[in-house]
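Q: Hi, could you walk me through this model while I have it open? I'd like to go through a few spots one by one.

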Amino acid sequence: MDLSSLNDKQQQAVTAPLGPVLVLAGPGSGKTKTLTYRIAYIIEKRLVPPAHILALTFTNKAAKEMRSRLQALLARYKSASEQITMGTFHAVCARLLRADIDKLGYGRDFVIFDTDDQQKLIKEILEDLRLDSKRFPASLFGALISRAKNLLQLPSELNIGVEQPLAGQLQEVYARYQDSLLKQNGLDFDDLLMLTVKLFESFPKVLEKYREKFKYILVDEYQDTNPAQYALLRLLAKHENVFVVGDDAQSIYGFRGSDIRNILSFEKDFPRALEIKLEQNYRSSRNILAAAQKVIELNPDQRKKTLWTENRGGEKITVFEAEDERAEAEFVAKKIIALSSGLPVEPEYVQEQPAAGYSILDRFLKARRLYGASLNDFRRGPLPQLPKKHDSLTEYCVLYRTHAQSRAMEEVLISCGIPYQIVGGLKFYERREIKDMLAYLRLCLNFRDLVSLKRVINEPPRGIGDKSYQVIRDAILELAPRGQEVQLSEFRHKLTEVKLQSKAQKSAEEFFAMLDELSATPEPLALPDLIKKVTKRSGYERYLRDGSESGEGRWENVEELMTVANKFKHLPWREGTTAFLEEVALLSEIDQKDDNKDSVTLMTLHSAKGLEFDNVFFIGLEEGILPHSRSLIETDQLAEEIRLAYVGLTRARHRLFLVYARSRRIYGDNRLSNPSRVLKVLPREAVEFVGVSKSFFDEADADGELTVEEMEF
DNA sequence: AGCGCTCAGCTTTTT
DNA sequence: GCTGAGCGCT
């Protein structure tokens, strides 16, 4: 294999002997390349057969990319890359559980409950327990339960340092929640990890099977693994054949339970570990790298790593002070136009105000509220157009801390005719009509899915309100103590004995008869047929297509869903639906980005991890936003904000624009803000300041700590 | 049961 | 500035 395109350190990592290896890889140091070559190397040297390799990536997209790169590297072994088990921790666990979860009392056709489903379930439990939803929001319990699961604690083992009386309530809620999930045959995201660990711990034979299967394990983005994921690694890697790659300076998922100690104490856990540092950066200009280095030094106990590059100094970084978020967005838009078209930026390209009476913006905002239209759907009409001749926009990206910041940016981009795509935010799969359809599909597989049942039992309206739903729910919960098969026919019989209002009674019987009929769909039919059948039989199509424009729009979304479902038409519908629902549930935000579209990318810093762009606009660099005001209390969290800034800066190859606004609309009113501390430590010689107030330098020169008052926004 | 209205409280970040 | 809970009316 040709390793000549790798540097010494990369080669050392790629050709390391089997056994534990930790690669500490700075941004832009060829981490993915090293990982890919490593896999190719061990296959080609016949150290491990491809079918015995497990590669864990952070997103599905990363897995897909790695697979295709491997295909190129391993041209001689065509099928090798397909034999490797590759995917996110969550996706791989889901696959393992499909084979053996029946041992834990769940059905193998379990569905995955997303955060929204989880929230709804907890809310019902809180109502049952008559807990005040003001003082005890479902989101709080959701977060705490998630924390417990990440630490592998079942309700009976709960110990996450919460004080009484909350701890007692939490235990009760968690126990009921878990019981309810089991009865519905549902798993939440954290269950995928936790239950896999529990399965391995309780069934040594199963563990042994997978230890044999996964003789060699590689983990990307290791700094963002949580204790459950770590436990999985420890269990599986009997021979310590683990190859992990990460960067402690880019650990940004602490809020999700990831534990930076996993990377910091790797050698302690694997004493034989070989540690290799990749410190040469191939991505960014020297100026950008110097700035990033200064920023990460704000964290005193970050592990020392000295990045260097042979790249040129490059253009200076621009720091721009805007009046408000509108001016911030206009600055970005003007720069994009100027850079991509080579034209001087004239005011006419940026419409300061939408023309009087012309409200494409209003139309869009309304449409987005109604059914989450993409902005580009609304670019028709007399809007200014980006100059015809422009470079590709795929190399431009706008980064921000929170989704809320995208809005002003979107408005200006529309009014300039600049095409863009947003990563995350209101996702296709979060739209109401899509969730409704998915709920119907889930019910076809499993009528006891209460979250789905509640969602669509009265959608379209059937005269089954909340009261009736609750009666039905209780009847379902009484059915069987565990998640084994319960016949729908059995329940339909039981339903006739339940006390409901006569109209609701009739509707409910009809509803479950429909489910019975749908789930009796003969196996040769596939998922697309089932969806069509559902839309007709449930009356959902007729209900959506009420003749209104927005109704048609929604129906188009349902049709789009059918297109996606076509991927599964080769499978019998039960299998196809299960696979489809799983894929949809585990899709990450970044997976939905279209790399081939000629558009500017807008996304949060979290979504940007692992990506790179020639031109990066990093907006909202203000105290209270980055670092976020919610993070100012705890030093751990503050450190994570700094790392987040570091991740943002190091996405850029050539041009980097750092923008902040003096005032910003928050919750509807204008508030003054201060430039982020991140800006104050930038090396002056690498930066050009544009429109920056004198006070910025006064404060930066004073080098004093900001008072709490100044930090708040 | 189902609509529409009002008001409060809120926003990190995601598999 | 948006959402969703709560209320009152049909």
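**Contacts with the DNA**

A: Sure! A polar side-chain atom of Thr 115 lies 3.4 Å from a base oxygen of DNA strand B, where a polar contact is a pair of N or O atoms within 3.5 Å; within protein, one must be able to donate a hydrogen and the other to accept it, and residues adjacent in sequence count only if both atoms are side-chain atoms. This is a predicted model, in which local features need pLDDT of at least 70 and side-chain atom pairs pLDDT 80 or more, while totals for chains, interfaces and linings use all residues; side-chain values use heavy atoms, with hydrogens and water left out. Residues are numbered from 1 along each chain as its sequence is written, and chains are lettered from A and ligands numbered from 1 in the order in which they are written.

Q: And which side-chain or backbone atoms sit by a phosphate oxygen of DNA strand B?
A: For Gly 463, a backbone N or O atom is 3.4 Å from a phosphate oxygen of that strand. For Ser 468, an N or O atom of the side chain is 3.3 Å from one.

Q: Which element gives the most to the surface near DNA strand B?
A: Helix 20, with three residues. Helices here are DSSP runs of H or I with at least four residues, strands are runs of E with at least two, and both are numbered from the N terminus.

Q: How many residues surround the strand?
A: There are 28, and the closest are Arg 401, His 403, Asn 458, Ser 588 and Glu 589. A residue is near the strand if one of its heavy atoms lies within 4 Å of it.

Q: Switching topic: where are the cis peptide bonds to Pro 460 and Pro 627?
A: One runs from Glu 459 to Pro 460, with omega near 5°, and Pro 460 is in the loop between helix 19 and helix 20. Another joins Leu 626 and Pro 627, with omega about 0°; Pro 627 is in the loop between strand 13 and helix 28.

Q: What about Arg 46, is that residue buried or exposed?
A: Exposed, at a relative accessible area of 64% (buried is under 20%, exposed over 50%, partly exposed in between, with a 1.4 Å probe and protein chains only). Arg 46 also has a positive phi of about 55° although it is not a glycine.

Q: And Asn 185, buried or exposed?
A: Asn 185 counts as buried, at 5% relative accessibility. Its phi is positive too, about 60°.
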